[in-house]
Amino acid sequence: MEVPVHCSVVRLIFSLGLAAAFAVPAAAQTASPVRIGVIGPFSGPSSDFGNPMLHGVQLAVDEINAVGGYLGRPLELVIKDDQGDPDVGLKGSQELATADVVATIGFCNTGVAAKSLDVFQNGQMPLIIPCSTGTPLTAKFPAPESYIFRTSARDAIQAPFVVNDLVKRGWTRVAVFADTTGYGEAGLKDVEAALAAKQLKPVYVARFALGVKDLSRELAAARTAGANAIFSYTVGPENATIANGKRDLKWDVPQVGAWPLSFPFFIDGAKAAADGALMAQTFIAEPSNERRASFLTAYHRKYKHKIAVPMAAAQSYDSTYLLMYALFSIRDGKFTGPAVKDALENIPRIYYGVVSTYDKPFSVDDKDAVTANMLVMGKVKNGAVTFAYPEDARRNLVVQRKK
């Protein structure tokens, strides 16, 4: 069993253990900041998970700076708001390319990230994606050459995880509702592949643009097709549009999906109609062990409010620490893109994180830190997300490692 480690102990190990292990000569140390890029939707319709992402990074940076930063050099964030817009995100990424950042943590929207990947790859600037889950993001470039890393669960593992649960429950006549963004397109393909692996296919597929207010016609068609579950793939209020539409039709079938069903846009927008929805999660905001309890306490102390999307905050917090563990393995403090990429692929020490115990989370051949064993099924209950299965709550006492 993993031994829970309190965040303050992690910070102590970080400041004393790592700093001592990777110390450089005093003459090589300067007070100039180590600049880290952060990009995401901090305004606009996706800000409900963009801001928790930013807050997770900021919380980790504050903790690291409190114990000396990188050998006396403070960390400094260069923040770009992509507004959930691919063109704005591309402009922000291009600005980061000239901002002297050692790496960037960012992106919540798959379509926004996809438009900017070439900027990071061609510029040899490591990018750690803490939220966007579209499978193609870490598959665009050959892994040994790729500068694109990720600490969120890609849809290629979320979709089979949810489909397996559907089959176990006997919900095999599945209607898929997917938006027309890059996220919805990639998610639909992953769901169809996961169903096909079970010798199933959707009984109905609906596609819709972001901002749609009425899906009653599509829902009626899904009901006519005999669907006994709806698998939704969209990130915004459209998930609530589906739930409210089912309620208005008095059609009581479960709504399941990837992690956006844990977002406020869904839970607050659908209210009672959201209850019972099931979704894949890497982190549920319950103090199931000491390190998670410490993270939740620190977050609430700093920001004075409930975490809107706990997974976004936890994954970005862990991403920041993983980046710092990598930087400490660069002994000369020369943070070239290739050097940081190599350091991320060969992080020398275990980081006892909030989402996972990270033991070699990345490698030359694998840029995704999250594997299927880290997922649990979440369930909306009385306006909050909790564990769908008691055994997952018990299993969550032990922080899982990558397999």
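1. In this predicted model, helix α2 (residues 47-66) packs against helix α10 (residues 290-303) with the two axes 11 Å apart and an angle of about 100° between them, which makes α2 roughly perpendicular to α10. On the α2 side the contact is made by P52, H55, G56, Q58, L59, D62 and E63, and on the α10 side by F295, A298, Y299, K302 and Y303. Sorted by character, the residues of the contact of α2 with α10 comprise six nonpolar, three polar and three charged.

2. A second helix pair deserves to be read beside that one. The axes of helix α11 (residues 310-327) and helix α12 (residues 337-345) come within 8 Å and cross at roughly 110°, so that α11, too, is roughly perpendicular to its partner α12. Here L322, L323, A326 and L327 of α11 meet V340, A343 and L344 of α12, and the residues of this contact divide into seven nonpolar, with no polar and no charged residue.

3. Turning to the strands, five of them form an open sheet in the order β2-β1-β3-β4-β5, with parallel pairing. The edges are occupied by β2 (75-81) and β5 (148-150), each of which has a single partner strand, so one side of each is left without a neighbour in the sheet. Averaged over the sheet and with direction ignored, neighbouring strands are turned by 25° against each other.

4. Within that sheet, strand β1 (residues 34-40) pairs with β2 in the parallel sense over seven bridges. For a concrete point of reference when inspecting the coordinates, the bridge partner of V38 is I79 in β2.

5. Helix α4 (residues 110-122) should be viewed together with the sheet, since this helix lies across β3 (104-106), β4 (127-129) and β5. Relative to β5, helix α4 runs at about 115°.

6. The cysteines call for a careful reading, because a disulfide requires two cysteine sulfur atoms within 2.5 Å, and the structure holds zero disulfides. C108 is in no disulfide, and the nearest cysteine sulfur, that of C131, is 3.8 Å away; conversely, C131 is in no disulfide either, and the nearest cysteine sulfur to C131 is that of C108, at 3.8 Å.

7. Are these two cysteines, C108 and C131, buried or exposed? C108 counts as buried because its relative accessibility is 5%, and C131 is likewise buried, with a relative accessible area of 0%; the cut-off for buried is under 20%.

Terms used. Residues are numbered from 1 along each chain as its sequence is written. This is a predicted model: local features need pLDDT of at least 70, side-chain atom pairs count only at pLDDT 80 or more; totals for chains, interfaces and linings use all residues. Side-chain values use heavy atoms; hydrogens and water are left out. Buried means under 20% relative accessible area, exposed over 50%, partly exposed in between (1.4 Å probe, protein chains only). Two strands pair if DSSP finds at least two bridges between them. Helices (H or I, at least four residues) and strands (E, at least two) are DSSP runs, numbered from the N terminus. Axes are lines fitted to C-alpha atoms, for helices over the stretch in contact, and angles run from 0 to 180 degrees between N-to-C directions. Contact means heavy atoms within 4.5 Å. Angles under 35 degrees count as roughly parallel, over 145 as roughly antiparallel, 65 to 115 as roughly perpendicular and the rest as oblique. Ala, Val, Leu, Ile, Met, Phe, Trp, Tyr, Cys and Pro count as nonpolar, Asp, Glu, Lys and Arg as charged, and the others, Gly among them, as polar.
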